[in-house]
Amino acid sequence: MNNTNTSLERRTIRKVTMRIIPFTFLLYIISYLDRANIGYASLEMNKDLALTSQAFGFVSGIFFIGYFLFEVPSNMMMKRYGARVWIARILVTWGIISTLTGFVQSATHLYILRFLLGVAEAGFFPGIILYLTFWFRSKEQATTIALFTSAIPVSYIIGAPLSTWIMDNISWIGLQGWRWMLILEGIPAFILGIITFFYLTESPEKAKWLSIEEKEWLVRELKKAKESKKDVQHLSTLKAMANPKVLFLSFIYFVYQTGSLGVGYWMPQIIKNFSGILTNTQIGLIAMIPYIGATIGMIIWSRRSDRKGERRLHSAIPLLIASIGLISAGMTHNPYLAIISITVSLTGMYSFKAPFWALPSLFLTQSTAAVAIAAINSIGNLGGFVGPYAIGALKNMTGSTKAGLIFLSVLLLISFFMVLFMRIEKRGNQINDVQDHDFKSELETFNK
C-alpha cells in the first residue's frame, strides 16, 4: 500500500471512529447506568419497599426477561426502519420508563417497570454492534467493540459515586434520595434519544461528514471485506437462531452474564457488608475500583486480540481469570483482598467481551450475523436474571453473598472450558471441527 492510500486509510478510520465511537459510548454508559443503578438504590429502597434479598434478586433479573422476549424482534425492526430511527426510539422509551421507576410504591410496581425497561431497551446492544459492522472492517472490530463496550465498566465508575451521592444529598419535595437518583438518571436517555435521531448516519454512502474520496475508499473497503467471506454461511432468521454454533455461543454468553451481572447488581451490598459504618457515597467510591481495572484490562486485551488476529483463546483465558478471582473473593474474609479479587475477576469478565463478539463473523455473513448476535445476546442475557436471583436466593439461605460468588465462579469455569474446546472451521457452507494442528497453530499465534 503506497503512502497516499495509507494516509487516506488512517484519516478515514480516524474520522469514522471519532464520529461514531464517542457517541455510541455515551449511549451505552446511559444504558448501563439505567439498568444497574437499581443496585445502588437497593441500599435504601429494599428497606422502604420491604424487599427481601430474594425479591431484590428477582427485581434485578426480571429486566432480562423482557429483554430476552423482545430482543430479536427489536433487532429485526431496526433492519426494517434503520439504525437512526430505531435506536432513537429505544432511548426515548427506556428514558421514560426509567424515570417512572422513581415513583414506584410497591414491589409489584417495581417488577412491572423493570420488566418494561427490559422490553424498551431490547435490541439496543446488538443493534449498535450491527451498526458498527456497517462502518468498520473485521480487522478493526475487536478494538472497536472494546472501545464501545468499555462503556459498561465506565458506567459503573461514573454511576457508583454519582448514584450514591444523589442518594445522600438530594431529597427534594420530600422524595427519598434513591427515588431522585432513578428519576435524574433516566432523563438523559430521553434527551439523547432525540439527539440520536438527528446525529446518527445510516451508512457510509450517506455520510456528509466524509469527503468524496474518504467515502469511496470506505465503501470500497467494506465491500471488499464482504466479498472475501465467500465461504461463510448465510442463514435465515430461524436457522441462524437454531444453528448449533450460535446456540453454543449463546450458552457461553449466558454463563458469562450470570457471573458478570450477578456481581454487578450485588456489588453495593457486598461492599456494605465489609463494614457497617460506610456511607452510601463511600460505598460508591469503593465500587469504582474494580471497574477502573476492568476498563484498562479490556482495552489492552482487545488490542492484543486484534494484533494477533486470534479470538478463541483471547475469549477463553479471561474467563479462567474471572473464575479464579471470583472464588478468591468468595473464600476470603479480608475486605482488601476481596476488593482485589473482585477487581481481577471483573477485569477477566470484561476482557472476554470484545474477542467473543468477533467470533460470529468468523462463520456467518453480515446479515446472518445480525440475527445471530441478537440471538446470542438475547439468550445469553437470561443469565442476567439467573445471576442476581441466585445470589439473592443463596444469601437468604446462608445469610451471606459468599456462597453466591463461589457458585458464579464455577459457572465461569464451565464457560472457560466451553470456549477452549470450541472448534470453528469454514469449509464451503459447513462449520466443521478444527483439527489438533489448528489448535496448536492458534496457540503459536497467541504466544507470538
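## Surface nonpolar patch

Helix α9 makes the greatest contribution to a nonpolar patch on the surface, supplying seven residues. The model in which this patch appears is predicted. The patch consists of Ile-96, Leu-100, Phe-103, Ile-187, Phe-190, Ile-191, Ile-194, Ile-195, Phe-197 and Phe-198, and together these residues present about 920 Å² of accessible area. Two elements, α4 (83-100) and α9 (177-199), each give two or more residues to the patch.

Leu-100 is one of the patch members, and its place is in helix α4. With a relative accessible area of 43%, Leu-100 is classed as partly exposed, because that class lies between the 20% limit for buried residues and the 50% limit for exposed ones.

## The enclosed helix α6

Helix α6 spans residues 124-133, and ten of its ten residues are buried, so the helix is largely enclosed by the rest of the structure. The buried residues of α6 include the aromatic side chains of Phe-124, Phe-125 and Tyr-131. Also buried in α6 are Pro-126, Gly-127, Ile-128, Ile-129, Leu-130, Leu-132 and Thr-133.

## Salt bridges around Arg-137

The structure holds nine salt bridges. Side chains of opposite charge can pair when their charged atoms come close. Glu-9 and Arg-137 form one such bridge, with their closest N and O atoms 2.6 Å apart. This pair connects distant parts of the chain: Glu-9 belongs to helix α1 (residues 3-36), whereas Arg-137 lies in the loop between α6 and α7 (138-149), and the two are 128 residues apart. Both Glu-9 and Arg-137 are buried.

Arg-137 also meets the side chain of Glu-140 in a salt bridge, at 2.4 Å from N to O. Glu-140 is buried, as is Arg-137. A further salt bridge joins Arg-137 to Glu-221, with an N to O distance of 3.0 Å. Here too the pair links distant parts of the chain, since Glu-221 is in helix α10 (residues 212-227) and Arg-137 is in the loop between α6 and α7, 84 residues away.

The relative accessible area of Glu-221 is 12%, and this residue is therefore buried. Arg-137 counts as buried because its relative accessibility is 7%. Through shared partners, salt bridges join Glu-9, Arg-137, Glu-140, Glu-221 and Lys-224 into one network.

## Packing of α13 and α14

Helix α13 (residues 280-308) packs with helix α14 (residues 312-331) at an angle of about 155°, and their axes are 9 Å apart. This angle makes α13 roughly antiparallel to α14, because angles over 145 degrees fall in that class. The crossing in which α13 passes α14 is right-handed.

## Packing of α7 and α15

Helix α15 (residues 335-357) packs with α7 at an angle of about 140°, with the two axes 8 Å apart. The relation of α7 to α15 is therefore oblique. The crossing of these helices, α7 and α15, is right-handed.

Methods:
Residues numbered from 1 in each chain as written. Predicted model: local features only at pLDDT ≥ 70, side-chain atom pairs only at ≥ 80, totals over all residues. Heavy atoms only, no water. Patch = residues over 30% accessible without salt bridge, like charges linked within 9 Å, V, L, I, M, F, W, Y side chains within 5 Å. Areas by Shrake-Rupley, 256 points an atom, 1.4 Å probe, with all protein chains shown as cover. Salt bridge = Lys/Arg side-chain N within 4 Å of Asp/Glu carboxyl O. Helix = DSSP H or I, 4+ residues; strand = E, 2+ residues; numbered from the N terminus. Buried < 20%, exposed > 50% of the residue type's maximum accessible area, 1.4 Å probe, protein only. Axes fitted to C-alpha atoms, helices over the stretch in contact; angles between N-to-C directions. Parallel < 35°, antiparallel > 145°, perpendicular 65-115°, else oblique. Left-handed = near helix turned anticlockwise from the far one by under 90°.
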